[in-house]
Amino acid sequence: MNHNYTDSISLVSVSVGGDIFYVYNIGRRFGFFGNIGARYVPLGAGKREFRDKWVVSNITNSKTEQFDIDIAGKFIINPTFGVMWHF
């Protein structure tokens with residue numbers, strides 16, 4: 001049996017918000033960072049699509065589903081952290 005599954009999301013939005021960003025330098029060129037962002041999305045929409053295809057012997061079956069996503073009026077909090085190299 002051969003199976004293939006894909007999932008894709010496309011979003012378009014307008015957002016208003018701010019970020020708090022912190023950097024901790026370990027050396028002259030290396031450090032860590034942390035960020036937290038808060039956004040309000042007054043306008044936004046998107047689509048999500050699932051594609052599922054499988055083959056058993058000589059029989060091929062497939063299924064595709066699409067869903068609309070409405071993100072207008074949502075509040076988003078997005079934390080980010082990581083390692084950085086700067087020059």
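**Exercise 1. The Lys63 and Glu65 pair**

Determine how accessible Glu65 is in this predicted model and which residue forms a salt bridge with Glu65.

*Solution.*
Step 1. Glu65 has a relative accessible area of 32% in the predicted model, and is therefore partly exposed.
Step 2. The partner of Glu65 is Lys63, with the closest N and O atoms 3.5 Å apart. This separation lies inside the limit of 4 Å that defines a salt bridge.
Step 3. Lys63 has a relative accessible area of 45%, so Lys63 is also classed as partly exposed.

**Exercise 2. A salt bridge between strands**

State how many salt bridges the whole structure holds. Then describe the one formed by Asp7 and Arg48.

*Solution.*
Step 1. The search of the whole structure yields 5 salt bridges.
Step 2. In one of them, the side chains of Asp7 and Arg48 come together with an N to O distance of 2.8 Å.
Step 3. Asp7 belongs to strand E1 and Arg48 to strand E2; the two are 41 residues apart, and the pair links distant parts of the chain.
Step 4. The relative accessible area of Asp7 is 37%, which places Asp7 in the partly exposed class. Arg48, at 29%, is likewise partly exposed.

**Exercise 3. The surroundings of Glu49**

Establish whether Glu49 is buried or exposed, and list the polar partners of its side chain.

*Solution.*
Step 1. Glu49 lies in strand E2.
Step 2. Buried means under 20% relative accessible area. Glu49 has 17% and is therefore buried.
Step 3. The side chain of Glu49 makes a polar contact of 2.8 Å with the side chain of Arg51. The pair also counts as a salt bridge, its closest N and O atoms being 2.8 Å apart.
Step 4. Arg51 is partly exposed, because its relative accessible area is 45%.
Step 5. A further polar contact, again of 2.8 Å, connects the side chains of Glu49 and Gln66.
Step 6. Beyond four places in sequence, the contacts of Glu49 are Thr6, Asp7, Ser8, Thr64, Glu65 and Gln66. Among these, Asp7 and Glu65 have appeared above as salt-bridge residues, Asp7 with Arg48 and Glu65 with Lys63.

**Exercise 4. A buried acid without a salt bridge**

Identify the side chain of opposite charge nearest to Asp52 and decide what contact the Asp52 side chain makes with His3.

*Solution.*
Step 1. Asp52 is a residue of strand E2.
Step 2. Asp52 is buried, and the nearest side chain of opposite charge is that of Lys63, 5.9 Å away. A salt bridge requires a distance within 4 Å, so Asp52 has none.
Step 3. The side chain of Asp52 does make a polar contact with the side chain of His3, at 2.6 Å.
Step 4. Not counting residues up to four places away, Asp52 touches His3, Asn4, Tyr5, Asn61, Ser62 and Lys63.

**Exercise 5. The nonpolar patch**

Name the residues of the nonpolar surface patch and locate Val83.

*Solution.*
Step 1. Tyr22, Tyr24, Ile26, Phe30, Phe32 and Val83 make a patch of about 640 Å².
Step 2. Strand E1 (2-25) and strand E2 (30-56) are the elements that each give two or more residues to this patch.
Step 3. Val83 is found in strand E4, residues 74-85.
Step 4. With a relative accessible area of 52%, Val83 is over the 50% limit and is therefore exposed.

**Exercise 6. Contacts across the sequence**

For Asn25 and Ile76, report a residue that is distant in sequence and its C-alpha separation, together with the contacts of each residue.

*Solution.*
Step 1. Asn25, in strand E1, is partly exposed at 42% relative accessible area.
Step 2. The C-alpha atoms of Asn25 and Trp85 are separated by 9.5 Å, although their positions lie 60 residues apart along the chain as a sequence distance.
Step 3. Asn25 touches Phe30, Gly31, Met84 and His86, leaving out residues up to four places away. With His86, the contact includes a polar one between side chains, at 3.0 Å.
Step 4. Ile76 is in strand E4 and is partly exposed, with 36% relative accessibility.
Step 5. Ile76 and Gly17 are 59 residues apart in sequence, and their C-alpha atoms are 9.2 Å apart.
Step 6. Outside its neighbours within four places, Ile76 is in contact with Gly37, Ala38, Arg39 and Val41.

Key
Residues are numbered from 1 along each chain as its sequence is written. This is a predicted model: local features need pLDDT of at least 70, side-chain atom pairs count only at pLDDT 80 or more; totals for chains, interfaces and linings use all residues. Side-chain values use heavy atoms; hydrogens and water are left out. Patches are made of residues with over 30% relative accessible area and no salt bridge: like charges are joined within 9 Å, nonpolar side chains (Val, Leu, Ile, Met, Phe, Trp, Tyr) within 5 Å. Accessible areas come from the Shrake-Rupley method with a 1.4 Å probe; for residues, only the protein chains shown count as cover. Helices (H or I, at least four residues) and strands (E, at least two) are DSSP runs, numbered from the N terminus. Buried means under 20% relative accessible area, exposed over 50%, partly exposed in between (1.4 Å probe, protein chains only). Lys and Arg count as positive and Asp and Glu as negative; His and the chain ends are not counted. A polar contact is a pair of N or O atoms within 3.5 Å; within protein, one must be able to donate a hydrogen and the other to accept it, and residues adjacent in sequence count only if both atoms are side-chain atoms. Contact means heavy atoms within 4.5 Å.
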